[in-house]
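Open the structure in your viewer and keep the selection tool at hand. Each stop below names what to select and then says what is there.

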Amino acid sequence: MTKPGKDVDKRERIVTRIARELRDGFYVNLGIGMPTLIANHVPQGMEVILQSENGMLGIGPYPVEGEIDPDLINAGKETVSEMAGTSYFSSADSFAMIRGGHVDLSVLGAMEVDESGNLANWMIPGKMVKGMGGAMDLVAGARRVVVAMEHTTKDGAPKILKKCTLPLTGLKVVDTIVTEMAYIRVTERGLVLEEVAPGLTAEDVQRATEARLVVSEGLKGMES
Amino acid sequence: MNKVVASADEAIRDVGDGSVIMLGGFGLCGIPENLIRALVRKGSKNLTTMSNNAGVDGLGVGLLLAAGQLRRHIGTYVGENKLLESMVLAGKIELDLVPQGTFSERIRAGGAGIPAFFTPTGVGTIVAEGKETREFEGRTYLMERWLKADFAFVRAWKGDRMGNLVYRKTARNFNPMMATAAKVTIAEVEHLVEAGELDGDLIHTPSVYVKRIFQGELYERRIEKRTVRKSEPST
(Lines give C-alpha, C1' and ligand atoms only; values in the text may rest on other atoms or scores of the structure.)
Protein backbone atom coordinates (compact mmCIF):
# COMPACT_ATOMS: atom_id res chain seq x y z
CA MET A 1 0.00 0.00 0.00
CA THR A 2 2.81 2.40 0.75
CA LYS A 3 4.61 1.74 -2.48
CA PRO A 4 5.81 5.16 -3.63
CA GLY A 5 3.90 6.46 -6.62
CA LYS A 6 5.41 8.07 -9.65
CA ASP A 7 6.60 11.65 -9.21
CA VAL A 8 3.79 12.90 -11.44
CA ASP A 9 1.18 11.23 -9.23
CA LYS A 10 2.80 12.65 -6.11
CA ARG A 11 2.80 16.13 -7.55
CA GLU A 12 -0.79 15.84 -8.69
CA ARG A 13 -1.88 14.86 -5.18
CA ILE A 14 0.01 17.75 -3.59
CA VAL A 15 -1.23 20.28 -6.10
CA THR A 16 -4.90 19.26 -5.96
CA ARG A 17 -4.85 19.29 -2.16
CA ILE A 18 -3.40 22.79 -2.02
CA ALA A 19 -5.95 23.98 -4.58
CA ARG A 20 -8.60 23.18 -1.95
CA GLU A 21 -7.06 25.89 0.27
CA LEU A 22 -8.01 28.58 -2.25
CA ARG A 23 -10.92 30.88 -1.47
CA ASP A 24 -12.94 33.17 -3.68
CA GLY A 25 -11.26 36.54 -3.99
CA PHE A 26 -7.84 35.38 -2.83
CA TYR A 27 -4.70 37.04 -4.12
CA VAL A 28 -2.12 34.27 -4.42
CA ASN A 29 1.56 34.01 -5.31
CA LEU A 30 2.61 30.64 -6.70
CA GLY A 31 6.29 29.76 -6.62
CA ILE A 32 8.29 28.47 -9.56
CA GLY A 33 7.91 24.76 -10.41
CA MET A 34 5.27 22.53 -8.82
CA PRO A 35 3.30 25.39 -7.15
CA THR A 36 2.66 26.92 -10.58
CA LEU A 37 0.53 23.85 -11.45
CA ILE A 38 -2.04 24.87 -8.81
CA ALA A 39 -3.29 27.47 -11.29
CA ASN A 40 -4.76 24.59 -13.33
CA HIS A 41 -6.88 23.45 -10.39
CA VAL A 42 -8.74 26.57 -9.27
CA PRO A 43 -12.27 25.34 -8.45
CA GLN A 44 -15.02 26.23 -10.92
CA GLY A 45 -16.75 29.51 -10.26
CA MET A 46 -14.02 30.75 -7.93
CA GLU A 47 -12.11 33.89 -8.73
CA VAL A 48 -8.46 33.75 -7.63
CA ILE A 49 -6.02 36.46 -8.72
CA LEU A 50 -2.46 35.32 -9.24
CA GLN A 51 0.36 37.67 -8.31
CA SER A 52 3.70 37.54 -10.04
CA GLU A 53 6.50 39.22 -8.14
CA ASN A 54 8.02 40.66 -11.29
CA GLY A 55 5.11 43.11 -11.29
CA MET A 56 1.72 41.71 -12.26
CA LEU A 57 -1.66 40.87 -10.77
CA GLY A 58 -3.87 38.67 -12.92
CA ILE A 59 -1.68 36.03 -14.57
CA GLY A 60 -3.62 34.08 -17.18
CA PRO A 61 -2.79 30.76 -18.85
CA TYR A 62 0.14 30.31 -21.20
CA PRO A 63 -0.56 32.18 -24.44
CA VAL A 64 -1.53 30.46 -27.65
CA GLU A 65 1.10 30.46 -30.38
CA GLY A 66 0.89 33.84 -32.12
CA GLU A 67 -0.07 35.71 -28.95
CA ILE A 68 3.31 35.37 -27.28
CA ASP A 69 4.52 38.70 -25.92
CA PRO A 70 8.16 39.05 -24.79
CA ASP A 71 7.02 41.85 -22.44
CA LEU A 72 4.63 39.53 -20.61
CA ILE A 73 6.31 36.90 -18.44
CA ASN A 74 5.86 35.40 -14.99
CA ALA A 75 8.51 35.23 -12.25
CA GLY A 76 9.76 31.94 -13.74
CA LYS A 77 10.45 33.91 -16.96
CA GLU A 78 7.80 31.92 -18.82
CA THR A 79 5.55 33.66 -21.32
CA VAL A 80 2.02 34.09 -19.92
CA SER A 81 -1.22 35.87 -20.80
CA GLU A 82 -3.30 38.36 -18.84
CA MET A 83 -6.79 38.10 -17.35
CA ALA A 84 -9.44 40.81 -17.53
CA GLY A 85 -8.59 43.33 -14.81
CA THR A 86 -4.84 42.72 -14.90
CA SER A 87 -2.54 45.38 -13.51
CA TYR A 88 1.18 45.92 -13.87
CA PHE A 89 3.53 47.66 -11.44
CA SER A 90 7.18 48.02 -10.51
CA SER A 91 9.18 45.49 -8.50
CA ALA A 92 9.20 47.88 -5.53
CA ASP A 93 5.39 48.10 -5.62
CA SER A 94 5.19 44.35 -6.04
CA PHE A 95 7.20 43.65 -2.92
CA ALA A 96 5.46 46.40 -0.99
CA MET A 97 2.27 44.45 -1.68
CA ILE A 98 3.93 41.22 -0.53
CA ARG A 99 5.75 42.58 2.52
CA GLY A 100 2.77 44.67 3.50
CA GLY A 101 0.66 41.55 3.99
CA HIS A 102 -1.72 42.15 1.09
CA VAL A 103 -1.12 38.77 -0.57
CA ASP A 104 -3.37 36.13 1.03
CA LEU A 105 -1.37 33.06 0.21
CA SER A 106 2.12 32.15 -0.92
CA VAL A 107 2.85 28.59 -2.05
CA LEU A 108 6.45 27.52 -2.54
CA GLY A 109 8.71 24.52 -2.59
CA ALA A 110 11.22 23.55 0.10
CA MET A 111 14.35 21.53 0.62
CA GLU A 112 13.78 21.39 4.40
CA VAL A 113 11.11 22.49 6.86
CA ASP A 114 11.35 22.07 10.61
CA GLU A 115 8.99 21.86 13.57
CA SER A 116 9.31 25.58 14.32
CA GLY A 117 8.14 26.43 10.82
CA ASN A 118 11.61 27.38 9.66
CA LEU A 119 12.13 26.98 5.93
CA ALA A 120 15.22 26.28 3.83
CA ASN A 121 14.85 26.35 0.06
CA TRP A 122 17.54 28.48 -1.53
CA MET A 123 21.07 27.36 -0.82
CA ILE A 124 23.17 24.23 -0.40
CA PRO A 125 26.62 25.01 1.05
CA GLY A 126 29.41 23.97 -1.27
CA LYS A 127 27.26 24.28 -4.36
CA MET A 128 26.99 27.36 -6.53
CA VAL A 129 24.64 29.84 -4.96
CA LYS A 130 22.06 30.96 -7.50
CA GLY A 131 20.29 33.45 -5.30
CA MET A 132 17.15 33.68 -3.23
CA GLY A 133 15.14 35.74 -5.72
CA GLY A 134 11.91 36.82 -4.02
CA ALA A 135 11.51 33.81 -1.72
CA MET A 136 12.71 35.49 1.48
CA ASP A 137 10.35 38.43 0.96
CA LEU A 138 7.41 36.16 0.13
CA VAL A 139 7.75 34.02 3.26
CA ALA A 140 8.30 37.06 5.46
CA GLY A 141 5.36 38.97 4.02
CA ALA A 142 2.55 36.76 2.77
CA ARG A 143 -0.34 36.28 5.18
CA ARG A 144 -0.15 32.53 4.90
CA VAL A 145 2.74 30.38 3.67
CA VAL A 146 2.08 26.87 2.37
CA VAL A 147 4.97 24.57 1.49
CA ALA A 148 4.42 22.18 -1.42
CA MET A 149 7.01 19.43 -1.51
CA GLU A 150 7.62 15.72 -1.72
CA HIS A 151 7.74 14.21 1.76
CA THR A 152 11.29 12.85 1.51
CA THR A 153 14.36 13.31 -0.65
CA LYS A 154 14.91 11.08 -3.68
CA ASP A 155 16.99 8.84 -1.38
CA GLY A 156 14.12 8.59 1.09
CA ALA A 157 15.65 10.88 3.74
CA PRO A 158 13.20 13.04 5.72
CA LYS A 159 12.77 16.67 4.69
CA ILE A 160 10.56 17.55 7.65
CA LEU A 161 13.13 17.86 10.42
CA LYS A 162 13.51 18.74 14.08
CA LYS A 163 15.78 21.57 12.99
CA CYS A 164 16.75 22.69 9.50
CA THR A 165 20.38 22.01 8.60
CA LEU A 166 20.57 24.15 5.46
CA PRO A 167 20.78 27.96 5.49
CA LEU A 168 17.32 29.37 6.18
CA THR A 169 15.04 31.26 3.83
CA GLY A 170 12.86 32.37 6.71
CA LEU A 171 12.51 31.96 10.47
CA LYS A 172 9.14 30.63 11.75
CA VAL A 173 7.37 31.42 8.52
CA VAL A 174 5.62 28.22 7.41
CA ASP A 175 1.93 27.74 8.27
CA THR A 176 1.14 24.51 6.43
CA ILE A 177 3.09 21.65 4.81
CA VAL A 178 1.46 19.61 2.07
CA THR A 179 3.21 16.50 0.74
CA GLU A 180 2.04 13.43 -1.17
CA MET A 181 1.75 11.69 2.21
CA ALA A 182 0.18 14.26 4.51
CA TYR A 183 -1.31 17.62 5.34
CA ILE A 184 0.50 19.12 8.34
CA ARG A 185 -0.11 22.36 10.22
CA VAL A 186 2.65 24.23 12.06
CA THR A 187 1.30 25.22 15.46
CA GLU A 188 2.47 26.38 18.88
CA ARG A 189 2.43 22.76 20.05
CA GLY A 190 4.45 21.53 17.09
CA LEU A 191 3.58 19.89 13.81
CA VAL A 192 0.01 18.67 13.78
CA LEU A 193 -0.80 15.84 11.39
CA GLU A 194 -4.29 16.59 10.13
CA GLU A 195 -4.64 14.40 7.06
CA VAL A 196 -2.93 11.30 5.68
CA ALA A 197 -2.99 10.11 2.09
CA PRO A 198 -5.25 7.16 1.19
CA GLY A 199 -3.68 3.85 2.14
CA LEU A 200 -1.31 5.37 4.71
CA THR A 201 -1.45 5.51 8.51
CA ALA A 202 -0.18 8.18 10.87
CA GLU A 203 2.65 5.79 11.74
CA ASP A 204 3.69 5.57 8.09
CA VAL A 205 3.93 9.35 7.92
CA GLN A 206 5.85 9.56 11.20
CA ARG A 207 8.39 7.01 9.95
CA ALA A 208 9.14 9.26 6.95
CA THR A 209 9.41 12.34 9.18
CA GLU A 210 12.26 13.28 11.53
CA ALA A 211 10.26 15.82 13.54
CA ARG A 212 7.71 14.47 16.00
CA LEU A 213 4.17 14.73 14.68
CA VAL A 214 1.20 15.46 16.91
CA VAL A 215 -1.67 13.45 15.51
CA SER A 216 -4.79 15.56 15.32
CA GLU A 217 -7.85 14.24 17.14
CA GLY A 218 -9.76 14.83 13.96
CA LEU A 219 -7.23 13.00 11.75
CA LYS A 220 -8.75 12.23 8.39
CA GLY A 221 -7.93 11.01 4.92
CA MET A 222 -6.35 13.48 2.52
CA GLU A 223 -8.78 14.47 -0.17
CA SER A 224 -7.66 15.53 -3.57
CA MET B 1 13.92 70.98 -23.16
CA ASN B 2 15.49 68.27 -25.25
CA LYS B 3 17.42 65.39 -23.67
CA VAL B 4 17.64 63.37 -26.84
CA VAL B 5 21.03 62.01 -27.81
CA ALA B 6 21.80 60.53 -31.21
CA SER B 7 22.80 57.04 -30.19
CA ALA B 8 23.55 54.60 -27.41
CA ASP B 9 27.26 55.26 -27.93
CA GLU B 10 26.82 58.98 -27.38
CA ALA B 11 24.59 58.34 -24.38
CA ILE B 12 27.31 56.39 -22.54
CA ARG B 13 30.26 58.54 -23.62
CA ASP B 14 31.31 59.27 -20.02
CA VAL B 15 30.88 55.81 -18.48
CA GLY B 16 34.43 55.33 -17.28
CA ASP B 17 36.32 52.45 -15.72
CA GLY B 18 35.12 51.62 -12.22
CA SER B 19 31.60 53.02 -12.75
CA VAL B 20 28.65 51.69 -10.76
CA ILE B 21 25.74 50.97 -13.10
CA MET B 22 22.14 49.90 -12.47
CA LEU B 23 20.48 48.01 -15.31
CA GLY B 24 16.72 47.48 -15.51
CA GLY B 25 15.10 44.21 -16.49
CA PHE B 26 13.82 40.93 -15.07
CA GLY B 27 15.47 38.03 -16.81
CA LEU B 28 15.68 39.28 -20.39
CA CYS B 29 12.39 41.18 -20.12
CA GLY B 30 12.78 44.96 -20.24
CA ILE B 31 16.57 45.02 -20.40
CA PRO B 32 18.38 48.00 -21.98
CA GLU B 33 19.72 45.99 -24.91
CA ASN B 34 21.15 48.88 -26.89
CA LEU B 35 22.99 50.44 -23.95
CA ILE B 36 24.54 47.10 -23.01
CA ARG B 37 25.81 46.54 -26.54
CA ALA B 38 27.23 50.08 -26.57
CA LEU B 39 28.98 49.47 -23.26
CA VAL B 40 30.59 46.35 -24.68
CA ARG B 41 31.83 48.43 -27.64
CA LYS B 42 33.18 51.12 -25.31
CA GLY B 43 34.97 48.50 -23.24
CA SER B 44 34.84 50.23 -19.83
CA LYS B 45 36.38 47.97 -17.20
CA ASN B 46 36.14 47.22 -13.50
CA LEU B 47 32.43 47.94 -13.48
CA THR B 48 29.98 47.21 -10.69
CA THR B 49 26.56 46.26 -12.03
CA MET B 50 23.28 46.11 -10.15
CA SER B 51 20.60 44.13 -11.91
CA ASN B 52 18.09 41.52 -10.79
CA ASN B 53 19.71 38.84 -12.94
CA ALA B 54 22.97 38.66 -14.83
CA GLY B 55 21.45 38.02 -18.24
CA VAL B 56 22.12 34.72 -19.92
CA ASP B 57 25.24 33.52 -21.67
CA GLY B 58 25.56 35.85 -24.64
CA LEU B 59 22.80 38.33 -23.89
CA GLY B 60 22.09 41.15 -21.46
CA VAL B 61 24.57 41.51 -18.62
CA GLY B 62 26.01 38.22 -19.90
CA LEU B 63 27.68 40.22 -22.69
CA LEU B 64 29.52 42.40 -20.18
CA LEU B 65 30.59 39.32 -18.23
CA ALA B 66 31.93 37.62 -21.34
CA ALA B 67 33.90 40.76 -22.23
CA GLY B 68 35.51 40.71 -18.78
CA GLN B 69 34.20 44.18 -17.91
CA LEU B 70 32.70 43.41 -14.51
CA ARG B 71 34.41 43.44 -11.14
CA ARG B 72 31.30 43.03 -9.02
CA HIS B 73 27.63 42.20 -9.53
CA ILE B 74 24.75 42.80 -7.13
CA GLY B 75 21.49 40.99 -7.86
CA THR B 76 18.92 38.51 -6.58
CA TYR B 77 19.11 35.46 -8.84
CA VAL B 78 21.81 34.40 -11.28
CA GLY B 79 20.79 30.81 -12.01
CA GLU B 80 20.69 31.19 -15.79
CA ASN B 81 24.30 32.15 -16.26
CA LYS B 82 26.97 29.45 -16.42
CA LEU B 83 29.73 31.89 -17.27
CA LEU B 84 29.03 33.85 -14.09
CA GLU B 85 29.14 30.64 -12.09
CA SER B 86 32.60 29.75 -13.37
CA MET B 87 33.85 33.32 -12.84
CA VAL B 88 32.59 33.37 -9.25
CA LEU B 89 34.20 30.01 -8.51
CA ALA B 90 37.47 31.23 -10.05
CA GLY B 91 37.35 34.39 -7.93
CA LYS B 92 37.24 36.60 -11.03
CA ILE B 93 34.11 38.44 -9.99
CA GLU B 94 32.50 39.42 -6.71
CA LEU B 95 28.83 38.46 -6.40
CA ASP B 96 26.40 39.92 -3.84
CA LEU B 97 22.98 38.29 -3.60
CA VAL B 98 20.14 40.26 -2.06
CA PRO B 99 16.47 39.29 -1.51
CA GLN B 100 14.47 40.69 -4.40
CA GLY B 101 12.11 42.83 -2.35
CA THR B 102 15.00 44.20 -0.34
CA PHE B 103 16.91 44.89 -3.56
CA SER B 104 14.04 46.83 -5.12
CA GLU B 105 13.34 48.75 -1.92
CA ARG B 106 17.02 49.64 -1.42
CA ILE B 107 17.03 51.13 -4.91
CA ARG B 108 13.76 52.95 -4.29
CA ALA B 109 15.24 54.30 -1.04
CA GLY B 110 18.36 55.43 -2.88
CA GLY B 111 16.26 57.51 -5.22
CA ALA B 112 13.98 58.81 -2.50
CA GLY B 113 16.68 60.08 -0.10
CA ILE B 114 16.05 57.41 2.55
CA PRO B 115 19.45 56.10 3.75
CA ALA B 116 18.08 53.01 5.53
CA PHE B 117 14.86 51.22 6.41
CA PHE B 118 13.69 48.21 8.43
CA THR B 119 12.28 45.09 6.78
CA PRO B 120 11.15 41.67 8.04
CA THR B 121 12.80 39.97 5.05
CA GLY B 122 15.84 37.87 5.90
CA VAL B 123 15.57 38.02 9.70
CA GLY B 124 17.25 34.90 11.13
CA THR B 125 19.05 34.09 7.85
CA ILE B 126 22.57 34.73 6.58
CA VAL B 127 21.24 37.92 4.99
CA ALA B 128 20.95 39.34 8.52
CA GLU B 129 24.59 38.74 9.45
CA GLY B 130 26.26 41.92 10.69
CA LYS B 131 23.12 43.99 10.31
CA GLU B 132 21.28 45.97 12.97
CA THR B 133 17.91 44.61 14.06
CA ARG B 134 15.10 46.30 15.97
CA GLU B 135 11.74 45.27 17.32
CA PHE B 136 8.58 47.05 16.27
CA GLU B 137 5.23 45.95 17.70
CA GLY B 138 6.72 42.66 18.85
CA ARG B 139 8.35 41.61 15.57
CA THR B 140 12.03 41.75 14.64
CA TYR B 141 13.11 43.77 11.62
CA LEU B 142 16.40 44.15 9.82
CA MET B 143 18.04 47.41 8.82
CA GLU B 144 18.91 47.65 5.14
CA ARG B 145 20.66 50.54 3.42
CA TRP B 146 19.96 52.41 0.22
CA LEU B 147 21.60 51.61 -3.11
CA LYS B 148 22.77 54.32 -5.48
CA ALA B 149 24.73 54.33 -8.71
CA ASP B 150 26.70 56.52 -11.06
CA PHE B 151 24.53 55.53 -14.01
CA ALA B 152 21.17 53.86 -14.49
CA PHE B 153 20.43 52.19 -17.83
CA VAL B 154 16.68 51.87 -18.20
CA ARG B 155 14.47 50.63 -21.00
CA ALA B 156 10.98 51.97 -21.61
CA TRP B 157 8.30 51.38 -24.22
CA LYS B 158 7.68 55.05 -24.96
CA GLY B 159 9.46 58.21 -23.97
CA ASP B 160 9.31 61.85 -24.96
CA ARG B 161 12.07 64.39 -25.62
CA MET B 162 11.80 65.70 -22.05
CA GLY B 163 12.47 62.24 -20.60
CA ASN B 164 8.99 61.18 -19.48
CA LEU B 165 8.73 57.39 -19.67
CA VAL B 166 6.01 54.77 -20.03
CA TYR B 167 6.80 51.08 -19.61
CA ARG B 168 4.90 48.13 -21.03
CA LYS B 169 3.53 45.16 -19.06
CA THR B 170 6.11 43.19 -17.04
CA ALA B 171 8.97 44.94 -18.85
CA ARG B 172 8.53 47.66 -16.19
CA ASN B 173 10.03 45.66 -13.28
CA PHE B 174 13.12 47.41 -11.82
CA ASN B 175 13.32 50.19 -14.41
CA PRO B 176 11.26 52.84 -12.56
CA MET B 177 13.24 52.67 -9.30
CA MET B 178 16.59 52.51 -11.03
CA ALA B 179 15.68 55.61 -13.01
CA THR B 180 15.51 57.50 -9.70
CA ALA B 181 18.65 56.19 -8.01
CA ALA B 182 21.58 57.21 -10.22
CA LYS B 183 23.50 60.42 -10.84
CA VAL B 184 22.93 60.00 -14.56
CA THR B 185 19.91 58.07 -15.81
CA ILE B 186 19.94 57.09 -19.46
CA ALA B 187 16.70 55.85 -21.01
CA GLU B 188 16.46 53.87 -24.21
CA VAL B 189 12.95 53.69 -25.60
CA GLU B 190 11.28 51.68 -28.29
CA HIS B 191 9.28 54.72 -29.42
CA LEU B 192 10.53 58.29 -29.01
CA VAL B 193 7.76 60.87 -29.24
CA GLU B 194 7.34 64.66 -28.95
CA ALA B 195 6.60 66.30 -25.61
CA GLY B 196 2.84 66.37 -25.12
CA GLU B 197 2.15 63.14 -26.95
CA LEU B 198 2.13 61.08 -23.75
CA ASP B 199 -0.81 61.48 -21.37
CA GLY B 200 0.54 63.20 -18.27
CA ASP B 201 -1.75 61.13 -16.07
CA LEU B 202 -0.19 57.92 -17.32
CA ILE B 203 3.53 58.69 -17.03
CA HIS B 204 5.42 56.05 -15.00
CA THR B 205 8.75 57.88 -14.70
CA PRO B 206 8.51 61.69 -14.65
CA SER B 207 11.11 63.53 -16.74
CA VAL B 208 13.07 64.96 -13.79
CA TYR B 209 14.86 61.63 -13.29
CA VAL B 210 16.05 61.17 -16.87
CA LYS B 211 19.18 62.95 -18.17
CA ARG B 212 19.51 61.37 -21.63
CA ILE B 213 17.11 59.59 -23.91
CA PHE B 214 17.24 57.91 -27.31
CA GLN B 215 15.32 55.47 -29.44
CA GLY B 216 16.96 52.06 -29.49
CA GLU B 217 18.11 50.81 -32.89
CA LEU B 218 17.55 47.11 -32.39
CA TYR B 219 15.43 45.09 -30.00
CA GLU B 220 16.04 41.38 -30.11
CA ARG B 221 13.39 40.83 -27.38
CA ARG B 222 14.59 37.30 -26.83
CA ILE B 223 12.29 35.05 -24.80
CA GLU B 224 13.89 32.95 -22.07
CA LYS B 225 11.15 30.35 -21.62
CA ARG B 226 8.68 30.09 -24.43
CA THR B 227 5.58 28.48 -22.93
CA VAL B 228 2.36 28.11 -24.94
CA ARG B 229 -0.96 26.34 -24.63
CA LYS B 230 -2.42 24.34 -27.49
CA SER B 231 -6.04 25.42 -27.46
CA GLU B 232 -8.44 27.42 -25.33
CA PRO B 233 -7.90 26.78 -21.61
CA SER B 234 -10.39 24.86 -19.58
CA THR B 235 -11.96 27.23 -17.11
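The tour covers a sheet in each of two chains and the contact between the chains, all in a predicted model.

**Stop 1: the sheet of chain A**

Select the strands of chain A that form the open sheet of ten strands. Their order across the sheet is 4-3-2-1-5-8-10-11-12-13, and the pairing is mixed. Which strands of chain A stand at the edges? They are strand 4 (82-88) and strand 13 (213-221); each has a single partner strand, so one side of each is left without a neighbour in the sheet. Look along the sheet to see the turn from strand to strand: on average, neighbours are rotated by 25 degrees against each other, direction ignored.

Now narrow the selection to residues 145-148 and 176-178 of chain A. These are strand 8 and strand 10, which run parallel and are joined by three bridges. Within this pair, A:Val147 of chain A has A:Ile177 of strand 10 opposite.

Add residues 7-19 of chain A, which make up helix 1. Helix 1 packs on the sheet and touches strand 5 (105-108), strand 8, strand 10, strand 11 (182-187) and strand 12 (190-196) of chain A. The direction of helix 1 makes about 160 degrees with that of strand 8.

**Stop 2: the contact between the chains**

Show both chains and colour them separately. The size of an interface is often given as the accessible area lost when the parts come together. Here chain A and chain B bury about 4200 Å² between them, with 60% of that on carbon and sulfur atoms. Chain A puts 47 residues into the contact and chain B puts in 53 residues.

Select A:Asp71, A:Lys77 and A:Met128. Together they supply 19% of the area that chain A buries against chain B, more than any other three residues.

How many salt bridges are there between chain A and chain B? The count is six, while the structure holds 28 over all chains. Side chains of opposite charge can pair when their charged atoms come close. Select B:Arg226 and A:Glu65 for one example: this salt bridge has its closest N and O atoms 3.0 Å apart.

Then select B:Arg168 and A:Asp69, another salt bridge, in which the closest N and O atoms are 2.6 Å apart. This pair crosses between chains: B:Arg168 is in the loop between strand 9 (165-166) and helix 6 (175-180) of chain B, and A:Asp69 is in the loop between strand 3 (56-59) and strand 4 of chain A.

Polar contacts can be shown next; 25 residue pairs between chain A and chain B are in polar contact. On the side of chain A that touches chain B, the elements giving two or more residues are strand 4, helix 2 (91-99) and helix 3 (135-141) of chain A. The largest share, four residues, comes from helix 2 of chain A. Colour this side of chain A by class to find 23 nonpolar, 14 polar and ten charged residues.

**Stop 3: a sheet in chain B**

Hide chain A and select the open sheet of three strands in chain B, whose order is 5-7-6 with antiparallel pairing. Strand 5 (116-119) and strand 6 (133-136) of chain B stand at the edges with a single partner strand each, so one side of each is left without a neighbour in the sheet. The twist from one strand to the next averages 40 degrees.

Add residues 100-112 of chain B. This is helix 5, which packs on the sheet by touching strand 5 and strand 7 of chain B. Its direction makes about 150 degrees with that of strand 5 of chain B.

Go to strand 7 (residues 139-145) of chain B, which pairs with strand 6 over four bridges. B:Arg134 has B:Tyr141 as its bridge partner in strand 7, and the partner of B:Glu135 there is B:Thr140. Two residues lie between strand 6 and strand 7 in their hairpin, where B:Glu137 takes a positive phi near 50 degrees. Strand 5 of chain B is also joined to strand 7 by four bridges, and B:Phe117 has B:Glu144 as its bridge partner in strand 7.

**Stop 4: the two ends of a helix**

Select residues 82-89 of chain B, which form helix 4. At its start, a side-chain oxygen of B:Asn81 reaches to within 3.2 Å of the backbone nitrogen of B:Leu83. Just after helix 4, B:Gly91 takes a positive phi of about 70 degrees.

Methods
Residues numbered from 1 in each chain as written. Chains lettered and ligands numbered in written order. Predicted model: local features only at pLDDT ≥ 70, side-chain atom pairs only at ≥ 80, totals over all residues. Heavy atoms only, no water. Pairing = 2+ DSSP bridges. Axes fitted to C-alpha atoms, helices over the stretch in contact; angles between N-to-C directions. Contact = heavy atoms within 4.5 Å. Buried area = accessible area lost by both parts, 1.4 Å probe. Salt bridge = Lys/Arg side-chain N within 4 Å of Asp/Glu carboxyl O. Polar contact = N/O pair within 3.5 Å; in protein donor to acceptor, adjacent residues only side chain to side chain. Nonpolar A, V, L, I, M, F, W, Y, C, P; charged D, E, K, R; others polar.
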